[in-house]
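Reader: I am new to this structure. Please take me through one part of it closely, the barrel, and then place that part in the whole.

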Amino acid sequence: MSQWPTDQPHRLSGASMSNWYDLQNASFRGVVFKDKTIGGKSGRRVIAHQYPKSERGWTEDNGAVLSNFNIEAIVIGDNYRNDLSRLLTALNAPGPGMLVHPHFGERTIQIGEVNHKLITNHGGYAEINFECFDAGRQSAPVSTQSTEVVLQSSVDDGLKQVNNDFENEFDTTMLPDYDQEDLAEQGKGFVDDMAEFYRQMSDPASNLGDVLDQAEQFKTRIGELLAKPGELAREYANLLSRAEDLATRAPEELQAYGQLKRRYEGKCYEYEARGGVYNNRTSNSIAAVPGTVLEIKQRRHVELSSLLEAQVALFSAGTVPRTTFADAKSAEKASDSIDTNLNIQAITASNLGRAGSWQALRDASVQVRTDINQRALLLPRIRTITTTTTEPLILIAYRETGDAKRRDDIIRRNGIKNPSFIMPGTNLEIVNE
């Protein structure tokens, strides 16, 4: 039985079309079409490593397959020829474009090969099949900019946006003096944490005394700076930036910000345990009524904590361009930690209603990933093997890498004390060069 009606050959659109095919509308570059079918391809790019006369091998994950899919579309109705012409024009235009699709939502794609077919019976309609690729972001370095420069610019913009939002929203005029003193004590506690940690940094530079003097002077002014939130935010940022002066190497600076992040989180949870509210989660105390002095005080505590945590997250991201990673694994581990923290702070900013800070933190997160992914392509990758028999490390090194001299590198990386007898079940990390 034919699926096309014979009594309405020129009215195969709108509601009647939906009855037969249940097709949904989609569009590309604003040109609407009926979505018939989709099919896609994804997965991982894998390289298999095999060795002559060996029963063993290993596979290397070379990243994700560039996501792509095919869409089969239909244009139908009295003006199907004009609609086909408009859609083909949109599909053949150079560069990426916006696809609005009932399955994918809004997605920026690059069109590949396009095929179309005109069917003149049953009133006439056209079928179009086109290949779609995720547009993505260009990760290859270009002559006009580098990922490190873009990341640093994103961090600077993020700090400016976070500080500006804090300046515009942080208002203590409605709070009595004792609540303002409580806020000042919270702010001084954050400074004490910075100063204490700076003292503990390994091999601090000779200007530690200057940094500690700066911290003490800042503490004496916190009470008055509550009425000047923009200046308060900038003073915190200036003090946080001194970690770069004290750290002798970029990894130490990155570790310092990680330690400060945990200290700040500890203080926030301590405040929560004393009956406060942190990050929109109430403790055992009864949540304050919106608009009351107690609710305003709780919100100011959250805003001050969030300012410091967002600044630390952004300064952590700012250390990435200065950090030299030994291998792809360490780079990706650092990226995961920084990216997670930036996204947590972005969610907090969103909960506070600060769309600008949310966008800035999310952009910094994207730039961290872009920079690390680009540099990780050039770094050695690590794989882990598990021994099954007792054998000397020199034999393992030759079998796994083809070079017995790599034995010393494996010893240093894994802290092996007896390389002559590697016991079964031992996990060894090996750097692929």
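**The barrel and its surroundings**

Author: Start with the outside. This is a predicted model, and the accessible surface of the protein comes to about 23100 Å². Carbon and sulfur atoms hold 49% of that surface. Of the 433 residues, 42% count as buried.

Now the barrel. It is closed by 6 strands, in the order S1-S2-S5-S8-S7-S6. Their pairing is antiparallel. On average, neighbouring strands of this sheet are turned by 45° against each other, direction ignored.

Look at one pair. Strand S1 covers residues 24-28, and strand S2 covers residues 31-41. The two run antiparallel, joined by 5 bridges. Within this pair, Ser27 stands opposite Val32 in S2.

Next, find helix H2, residues 80-92. H2 lies across S1, S2, S5, S7 and S8. Its direction makes an angle of about 130° with S7. For orientation, S5 spans 68-76, S7 spans 105-119 and S8 spans 125-134.

Step back to the whole chain. The protein has 13 helices and 12 strands. Take the contacts between residues at least 6 apart in sequence: 70% of them join residues at least 24 apart.

Finally, confidence. The average pLDDT is 79, and 82% of the residues score at least 70. Residues 1-20 have a pLDDT below 50, with 27 contacts in the model beyond near neighbours in sequence. Residues 140-144 are also below 50, and that stretch has 2 such contacts. Where pLDDT is low, predicted coordinates should not be read in detail.

Key. Residues are numbered from 1 along each chain as its sequence is written. This is a predicted model: local features need pLDDT of at least 70, side-chain atom pairs count only at pLDDT 80 or more; totals for chains, interfaces and linings use all residues. Side-chain values use heavy atoms; hydrogens and water are left out. Helices (H or I, at least four residues) and strands (E, at least two) are DSSP runs, numbered from the N terminus. Buried means under 20% relative accessible area, exposed over 50%, partly exposed in between (1.4 Å probe, protein chains only). Contact means heavy atoms within 4.5 Å. Accessible areas come from the Shrake-Rupley method with a 1.4 Å probe; for residues, only the protein chains shown count as cover. Two strands pair if DSSP finds at least two bridges between them. Axes are lines fitted to C-alpha atoms, for helices over the stretch in contact, and angles run from 0 to 180 degrees between N-to-C directions. pLDDT is the predictor's confidence in each residue, from 0 to 100.
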